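Subject: Structure handover

Hello,

Here is the structure for you to look through. My notes on what turned up come right after it.

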Amino acid sequence: MGQRRSSPSEEPASTGGQGREVGRRRVLGYLIAAPTLVAAARLVGDSPAAEAAIPSAPEVSEIYDLNDLLTHAALPTSNLISVQVHEDGTASFELPRAESGQGITTMAAMLIAEELDLPLDKIRVTLADARPELLFNQFTAGSNTTISMHTPIRTAAAIARGRLLAAASYQLDAAVNTLTTKLGVVQAPGGASMSYGSLAGAAASTETKEVSAELKPASEFRIIGTPQNRIDALEAVTGRKKYAMDLDIPDALPTMICRPPTIKGTVRSVNNADEVRRMPGVTDVVAVATGVAVRGATFGQCIDAVNALDVSWGPGTVDDESDETVLKKLKAAELPLAVPEVPLLAQTVEGEFTFHFRNNAALEPNTAVVDVRPDSAEVWAPLQSPILCQEEVAKQLGLPLNAVRVHVQQAGGAFGRRMFNDVVLEAAEASQKIGKPVKLMWHRTDECRQGRMHPMCTSRIRATVLGNEVLTFEQRHTSVATDYTQGFGEVITQMSAQLPPLGIGNFAGFAVPVFQLTVNVPYQAGAVTQLLNEIYEYDTFPTGSVRNLVNPDVRTAQELIIDRIAEKMGKDPYEFRREFVDDDRVRAVLDKVAEVGNWGRKMKRGTAQGIAVHKEYKGAVATLIEIDCRPETVDRKIRDAVTGPRVTKAVTAIDTGLAINPRGLEAQMQGGLMDGIAQALTSSLHLRDGVLLEGSWDDYFYTRQWNTPPDVQIIVMPPTTGDPGGAGEFGVPASMAAVACAYARATGTMPTSFPINHDTLSFEPKPTVPPLPQSPTNGLDFAY
């Protein structure tokens with residue numbers, strides 16, 4: 001040969017038969033000592049500094065947002081994320097994030113398949129157990145997974161491919177830069193070839209060492225950016241997909257909790273424990289911190305036993321609180337508005353909005369299997385923060401950290417609910433006291449009445465307008481405290497010293513930095529100020545985030561005021577937004593939904609269009625909504641249903657930079673749309689004397705089929721950057737805001753309380769004693 005061939009121990013000189021081109025990016029990584037090929041990324045310091053989206057008076061989140069924080073927190077341990085090639089020609093990857101239906105396992109498989117030149121069905125992605133060495137690189141939140149993981153995954157796969165080429169070069173006696181790869185095979189110019197499987201052992205390294213490789217440029221993408229079916233779709237639709245509730249761990253019998261009648265009530269005494277222990281199938285009855293645990297042969301027997309218990313309960317944390325008392329305290333705690341000096345002829349536009357408690361409404365209720373032994377514990381559960389879970393279980397049981405094993409399971413929905421480890425800690429306490437493994441599952445009523453909820457909040461806005469200019473835009477958001485100790489708090493504490501001086505206050509309080517790193521006003525609105533104040537301690541109410549932290553509420557309030565400002569100026573709502581948005585990507589998605597949705601078309605009285613935009617997660621989104629508020633629609637009768645206004649059409653345009661899987665992104669936006677409709681119109685919890693009245697999905701009115709728009713269009717914009725943005729939470733704020741704006745235009749009245757139907761209690765609350773309501777005994781009676 002005219003060129004010296006490489007030995008498999010040398011770093012590959014190239015990634016294939018094409019020369020270096022503009023757009024290629026050289027990255028560093030590691031070969032890991034292992035029997036077969038294992039490659040990992042090295043990315044410390046490889047993230048560019050964030051820049052402001054606009055040059056004048058940028059807001060905090062436009063300089064450095066929550067995704068920057070999460071990405072930089074994950075960066076130092078990215079080298080511990082590896083891709084392995086096996087002798088059967090497959091590649092495997094343990095994803096250190098939680099898959100809860102958002103499709104991130106498919107995303108990871110696509111990235112690996114692209115850089116390795118392997119078919120997608122040859123990639124095996126599993127969920128990694130808790131790995132404490134990953135620090136903040138195993139936290140699933142803030143739509144950050146794709147943003148923070150795509151480069152480490154691609155880097156590891158590219159290094160693996162380069163190593164396979166080096167091994168093939170040695171065995172085929174051919175120069176590396178003459179070799180090509182396709183579908184898991186390395187090919188030489190003369191026709192000789194070797195499969196990845198045959199090279200996996202030869203390409204393996206006997207020592208861990210640093211190497212480099214080049215990532216594919218976008219011009220060579222064959223998988224990234226193309227619509228792909230979910231790699232787990234067949235298992236899901238055939239019922240073979242395994243969730244925590246499907247696990248069959250030896251001797252882990254069904255377990256449920258008899259919970260107090262009010263939020264966070266306590267057990268004073270169990271008056272008939274022996275009697276309940278003698279019930280059919282029941283093996284154990286034991287008091288735990290959150291109630292009384294019952295273990296039995298079946299969940300049906302557990303439900304019967306829970307309802308048979310006679311428990312004397314102590315008070316909860318909010319027994320004297322109801323919607324009205326909480327709202328009164330919120331209004332009293334609102335920070336004052338302070339309009340700066342403006343010209344005398346300036347006009348003021350104001351609004352005050354209330355957003356009620358909401359539930360996460362994940363399809364799968366909280367479930368965990370825990371086996372506690374005298375010197376160890378093992379956990380199986382869907383977890384968004386498994387390292388924190390491992391730490392909390394170890395602390396609760398008095399065990400060293402390495403004595404607790406945590407296995408992350410597929411979640412049947414999350415929306416923030418799996419960031420908290422409530423169910424695992426309950427199961428660990430029950431297993432320890434009983435001395436046997438347990439499979440603890442929450443009842444749907446537990447989720448509604450004792451589960452985590454999005455906090456009630458108010459948002460007050462005042463803007464000043466002079467002629468065709470917005471001079472000031474002030475927002476004061478006041479909220480029941482959100483519990484951020486589930487992972488966000490730990491990241492903020494660790495990263496606070498490294499953050500730029502953004503002037504966002506004391507980092508000992510987690511809510512203010514999360515708020516300031518998340519919110520913005522996406523318009524040229526003069527002097528903008530957004531402030532947060534919280535009431536109650538964070539552990540008074542069991543709060544958390546519900547698919548997007550604060551922006552569904554914050555942005556809905558803003559967009560309603562934007563419509564009022566446009567009216568004050570005599571401008572069409574779309575034309576006003578187009579003129580005043582502060583980002584070209586936002587303007588592009590706005591134009592797209594206006595075009596596709598035929599903005600401004602003539603509509604019947606009582607129906608209207610609404611339009612809204614949002615920017616977050618390194619991207620932009622716009623939604624156009626058509627709503628029907630005519631009496632014949634609002635008053636339509638469906639048994640045991642809340643109907644009301646109906647969204648009849650929705651058009652969403654989404655720009656996430658580089659969409660890894662447009663089909664998955666489309667599904668995410670459809671889900672976000674359903675959330676936005678629910679939060680605007682029907683979905684809330686009612687608090688009365690320390691009790692949440694909703695007791696199941698029959699009275700927690702998430703968007704149902706009869707309220708789903710028959711016409712839905714999702715437009716994924718062409719790539720605008722070389723990097724992907726977030727998606728999981730992105731569809732909610734603009735959707736909720738557009739529904740509210742459409743409702744205001746259809747009725748002539750701006751809504752100020754959400755969801756719009758909250759003030760009408762349309763169901764008879766289920767009793768709190770016994771705690772678990774009887775399920776229908778004949779499902780045919782409830783079929784439609």
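Start with one pair of residues: A608 stands opposite I627 in β26. Strands here, like helices, are DSSP runs numbered from the N terminus (E, at least two residues, for strands; H or I, at least four, for helices).

Before going on, please note that this is a predicted model: local features need pLDDT of at least 70, side-chain atom pairs count only at pLDDT 80 or more, and totals for chains, interfaces and linings use all residues. Residues are numbered from 1 along each chain as its sequence is written, and side-chain values use heavy atoms, with hydrogens and water left out.

**The sheet around I627**

β25 (607–616) and β26 (619–628) run antiparallel. They are joined by 10 bridges. Two strands count as paired if DSSP finds at least two bridges between them. Both strands belong to an open sheet of 4 strands, in the order β25-β26-β27-β30. The pairing in this sheet is mixed. β25 and β30 (711–716) are the edge strands, each pairing on one side only. From one strand to the next, the twist averages 10°.

K618 sits in the loop between β25 and β26. Its phi is positive, near 65°, and K618 is not a glycine. K618 is partly exposed, because its relative accessible area is 33% (buried means under 20%, exposed over 50%, partly exposed in between; 1.4 Å probe, protein chains only).

**The cores**

I627 also matters for the count of core contacts: with F473 and I565, I627 touches the most other members of the largest nonpolar core, which has 62 residues. A nonpolar core is a set of buried Ala, Val, Leu, Ile, Met, Phe, Trp, Tyr and Cys residues joined through side-chain atoms within 4.5 Å. Helix α20 (residues 731–747) gives this core its largest share, 10 residues. Apart from this core lies another, of 56 residues. L164, L165, L179 and L199 are among its members.

What does I627 touch, not counting residues up to four places away in sequence? The list is G606, T607, A608, P645, R646, V647, T648, L681, V739, A742, Y743 and A746. Contact means heavy atoms within 4.5 Å.

**Helix α15 and its surroundings**

Helix α15 covers residues 551–569. At 1.5 Å a residue, its 19 residues should span 27 Å (1.5 Å times one less than the number of residues). The end C-alpha atoms are 26 Å apart, which agrees. α15 is mostly covered, with 16 of its 19 residues buried. G570 follows the helix and has a positive phi, near 75°.

Y536 lies in the loop between β24 (527–535) and α15. Y536 is another residue to check: its phi is positive, about 70°, although it is not a glycine. Is Y536 buried or partly exposed? It counts as partly exposed, at 23% relative accessibility.

**Strand β17 and its partners**

Strand β17 (residues 367–373) has 6 of its 7 residues buried, so it is largely enclosed by the rest of the structure. β17 has an antiparallel pairing with strand β20 (residues 438–441), over 4 bridges. There, V370 stands opposite V438. β17 also runs antiparallel to strand β18 (residues 376–381), with 5 bridges. V369 has W380 in β18 as its bridge partner. A hairpin through 2 residues joins β17 to β18.

**G657**

Where is G657? Its place is in the loop between β27 (646–655) and α19 (662–681). G657 counts as buried, at 3% relative accessibility. Leaving aside neighbours within four places in sequence, G657 is in contact with R585, P718, P719, T720, T721 and D723. G657 and T151 are 506 residues apart along the chain, and their C-alpha atoms are separated by 14 Å.

**Cis peptide bonds**

Two bonds to look at. A cis peptide bond joins F754 and P755, with omega about 0°. P755 lies in the segment after β31 (753–754). V769 and P770 are also joined by a cis peptide bond, again with omega about 0°. P770 too is placed in the segment after β31.

Best wishes

Methods:
Axes fitted to C-alpha atoms, helices over the stretch in contact; angles between N-to-C directions.
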